[in-house]
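Hi,

Here is the structure I said I would pass on. Have a look at it first, and then read on for what I found.

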Amino acid sequence: MILDLCAGSGMLPLALAEALPSELGDEVFSVRYAVPRDRAAQRVLEAHEYRCAPAWDHPTIPLDGVDVVCASGAFLSQPATGPADCGAVEPLAALLAVHRPRIVVWAIPESVATRGMGLEGRLVADEFQRVMATVSYDVRWCRADAVAVGACHRRHWRFALGVRAEESRFAYAPGGPQGCRSKLKLVATPRPNDGQRSAAPRRRGRRAGQFRDTALPVQLAHAAKGDQGLFATIFRAALARHTKLVGRPFDVVSDMLDRGREIRPEFYEWLMDWPQDWTAPAGDRAARIRICGGGVAPDQAVAAFEHLAKFVKVPR
């Protein structure tokens, strides 16, 4: 059984199931519980056969049967209240100390993982590893970039794989699938708040059409003015590479915007390499884009976990 904490899309457990199927066994992923981050996420998760509960210690979750605990940066990067606190890491540590699942998995944006927390300014990633050590879990990290597996955007994320210290066979896990030196002109990384940003492009010292802004809605704002063809032309190589990764084409020129000239959530799902209409149960456009922007790109996560699995003997 697998438990996904602060779940949005449910993609993290699915990526882990693809990366480590033989080591864990299919039965681990046959029953999936989740603690949704909001009601929109709950509707998506329930539509994809997750059993949702309002909290990880809810009576409906049989914690003694949990084999794998997954958590996202939204769960573990809450504001700290003291020098030794990492927000929700402490409750997670309490869960691990008592119920001892075989594996702990964490995925978090690089910008959050390297953020200082607490009075002593510990990095989120370091604090997580320290707290996990107090409950005898050995954790290893790697950074994986979506562009390294063929995506048209960078998406710098860190992934952690932890096992019980008494069963650990970890070696040092250097590097990870990274693509920071890509020479392609890349689309901006999807972000959770893209659905609320203004569609007006920023022009401070930049000519319209250059697409040099870092926010995806700003890039696409030019397309909203009727320049979808220009967008498709500038990012042609990256979009073509991404199409091979996803396995299904997306007509950027005709399907990227809806009738109101707003970015369609289906385009974000395509950028994240999710099945079409995966987030449709969430309802409104902003909620769907928020889930996409805060979710995990499956191929990126699979590459990270396969990399970490080379340096660890996953307990059966």
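Before the strands come up, one convention: two strands count as paired if DSSP finds at least two bridges between them. Also keep in mind that this is a predicted model.

With that in place, start at β1. Leucine 3 stands opposite tyrosine 33 in β2, and the two strands β1 and β2 run parallel, joined by 5 bridges. On β1's pairing with β4, the sense is again parallel, with 4 bridges, and here isoleucine 2 stands opposite valine 68 of β4. Valine 68 also stands opposite isoleucine 103 in β5, and β4 and β5 are parallel as well, with 5 bridges between them. As for exposure, 6 of the 6 residues of β1 are buried, so the strand is mostly covered.

Zooming out, these strands belong to an open sheet of 7 strands, in the order β3-β2-β1-β4-β5-β9-β8, and the pairing over the whole sheet is mixed. The edges are β3 (51–52) and β8, each of which pairs on one side only. The chain as a whole has 14 helices and 9 strands. Of its 316 residues, 55% count as buried. Among contacts between residues at least 6 apart in sequence, 70% join residues at least 24 apart.

Now the helices on the sheet. α1 lies across β1, β2 (32–36), β4 and β5, and runs at about 130° to β4. Helix α4 (residues 39–47) packs on the sheet too, touching β1, β2 and β3, and its direction makes about 170° with that of β2.

α1 is the helix I spent some time on. How many of its 9 residues are buried? It is 7 of the 9 in α1 (residues 11–19), so the helix is largely enclosed by the rest of the structure. The buried ones are Met11, Leu12, Pro13, Ala15, Leu16, Ala17 and Ala19. And what covers them? The cover includes the strands β1 (2–7), β4 (68–72) and β5 (103–109), along with the helices α2 (21–24), α3 (27–30) and α14 (298–309).

The α14 contact deserves its own paragraph. Two packed helices are described by the angle between their axes and the distance between the axes. For α1 and α14, the axes come within 8 Å and cross at roughly 45°. An angle like that falls outside the parallel, antiparallel and perpendicular ranges, so α1 and α14 are oblique to each other. The crossing of α1 past α14 is right-handed. On the α1 side, the residues involved are Met11, Leu12, Ala15, Leu16, Glu18 and Ala19; they meet Pro298, Ala301, Val302, Phe305 and Glu306 of α14. By type, the residues of this contact divide into 9 nonpolar, no polar and 2 charged.

Val302 turns up again in two long-range pairs. One partner is leucine 20, in the loop between α1 and α2. Leucine 20 and valine 302 are 282 residues apart in sequence, but 8.6 Å apart in space, C-alpha to C-alpha. Leucine 20 has a relative accessible area of 0%, so it counts as buried.

The other partner is valine 149, in the loop between β8 (137–145) and β9 (156–164). Valine 149 and valine 302 are 153 residues apart in sequence and 9.7 Å apart in space, again C-alpha to C-alpha. Is valine 149 buried or exposed? Neither fully: its relative accessible area is 25%, and because buried means under 20% and exposed over 50%, valine 149 is partly exposed. Leaving aside neighbours within four places in sequence, valine 149 is in contact with Leu245, Asp299, Gln300 and Ala303.

One more helix pair, back at α4. α4 and helix α13 (residues 285–293) pack with their axes 10 Å apart, at an angle of about 75°, so α4 and α13 are roughly perpendicular to each other. Ala40, Ala41 and Val44 of α4 make this contact with Ala287, Arg290 and Ile291 of α13. The split by type is 5 nonpolar, no polar and 1 charged.

If you open the model, I would begin with α1 and the residues of α14 that it meets, Pro298, Ala301, Val302, Phe305 and Glu306.

Cheers

Notes: Residues numbered from 1 in each chain as written. Predicted model: local features only at pLDDT ≥ 70, side-chain atom pairs only at ≥ 80, totals over all residues. Heavy atoms only, no water. Buried < 20%, exposed > 50% of the residue type's maximum accessible area, 1.4 Å probe, protein only. Contact = heavy atoms within 4.5 Å. Axes fitted to C-alpha atoms, helices over the stretch in contact; angles between N-to-C directions. Parallel < 35°, antiparallel > 145°, perpendicular 65-115°, else oblique. Left-handed = near helix turned anticlockwise from the far one by under 90°. Nonpolar A, V, L, I, M, F, W, Y, C, P; charged D, E, K, R; others polar.
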